[in-house]
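Subject: Structure handover and findings

Hello,

Here is the structure for your files. My notes on what was found in it follow below.

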Amino acid sequence: MDFDCKPLSPSDSAKIEEIASHYREIIRLVGDDPDREGLLKTPMRAARAMWFATQGYRSDPSQVLSEAIFEYAGSRMVVVKDIEFYSFCEHHILPFFGTVSIGYIPDGSMIGLSKLARVVNTVARRLQVQERLTAELCEAVNMALSPKGVIVACDAHHLCMKMRGVEKQLATTDTYDYCGDFSSDPGLRQEFLNLVRH
């Protein structure tokens, strides 16, 4: 269901109204007229967009992952790659976005594939830094499954580098985190990287 069609609790509606009032003041402070026709509805639209984009604060990664754990007798690597994400840089509140790939080696259980994509949304849709996002995903999967190992790769574009500051349009950032067998076996890490770069 589209976010704009979901019913909101009275508490959530009040918070969105308050966020909208702040957006209205920001528009005034940067030098525009929040009462002109093109901007009349902008504060509320921006508030609802921000509420949607930060919905990770209202979701628990461990609960998301625990909803679909199944027994699994195999022990080969499972990889879900190129999971798109959108987040906000906590330093400038500008978007950064890209893809995440997650690999793990099961140890008696596996997780429903869509839950990995859902947990990426939960962790990303907050004020974040890419390094912590990558580490939190690795930790969340490890805590939920207790697998033999977990590895996460994240590739992202940061608008705080593209539209302000150094203004480098082609720059991307790669981050990795891993634990278990991936920490002790460089060959496993390379196997994962070969899979996600293919």
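A residue is called buried when its relative accessible area is under 20%, exposed when it is over 50%, and partly exposed in between, with a 1.4 Å probe and protein chains only. Helices (H or I, at least four residues) and strands (E, at least two) are DSSP runs, numbered from the N terminus.

This is a predicted model, in which local features need pLDDT of at least 70 and side-chain atom pairs count only at pLDDT 80 or more, while totals for chains, interfaces and linings use all residues. Residues are numbered from 1 along each chain as its sequence is written, and side-chain values use heavy atoms, with hydrogens and water left out.

Strand β6

Strand β6 covers residues 149–158, and eight of its 10 residues are buried, so the strand is largely enclosed by the rest of the structure. Two strands are said to pair if DSSP finds at least two bridges between them. β6 pairs with strand β3 (residues 95–105) in the antiparallel sense, over 10 bridges. In this pairing T99 stands opposite D155 in β6. β6 also pairs with strand β7 (residues 173–180), again antiparallel, over eight bridges. There, C154 stands opposite T175 in β7.

The chain overall

The secondary structure consists of eight helices and seven strands. Along the principal axes, the C-alpha atoms fill a box of roughly 60 × 40 × 20 Å. The chain has 198 residues, of which 38% count as buried. With a contact defined as heavy atoms within 4.5 Å, 70% of the contacts between residues at least 6 apart in sequence join residues at least 24 apart.

The exposed area of the chain is about 11400 Å², and carbon and sulfur atoms supply 54% of it. Accessible areas come from the Shrake-Rupley method with a 1.4 Å probe; for residues, only the protein chains shown count as cover.

For charges, Lys and Arg count as positive and Asp and Glu as negative, with His and the chain ends not counted. Each charge is placed at NZ of Lys, CZ of Arg, CG of Asp or CD of Glu. On that basis the chain has 22 positive and 27 negative charges, and their mean positions are 3 Å apart.

Salt bridges

Side chains of opposite charge can pair when their charged atoms come close. A salt bridge here is a side-chain nitrogen of Lys or Arg within 4 Å of a carboxyl oxygen of Asp or Glu. The structure holds six of them, including the following three:

- R24 bridges to D35, with the closest N and O atoms 2.9 Å apart. This pair links distant parts of the chain, 11 residues apart: R24 is in helix α1 (residues 10–30) and D35 in the loop between α1 and α2 (42–53). R24 is partly exposed at 34% relative accessible area, and D35 is partly exposed at 45%.
- E25 bridges to R28, the closest N and O atoms being 2.4 Å apart. Both residues lie in helix α1, three residues apart, or about one turn of the helix. E25 is partly exposed at 35%, as is R28 at 45%.
- D32 bridges to R36, with 2.8 Å between the closest N and O atoms. D32 is partly exposed at 33% relative accessibility, and R36 is partly exposed at 38%.

In addition, salt bridges that share partners join E90, R132 and E136 into one network.

Regards
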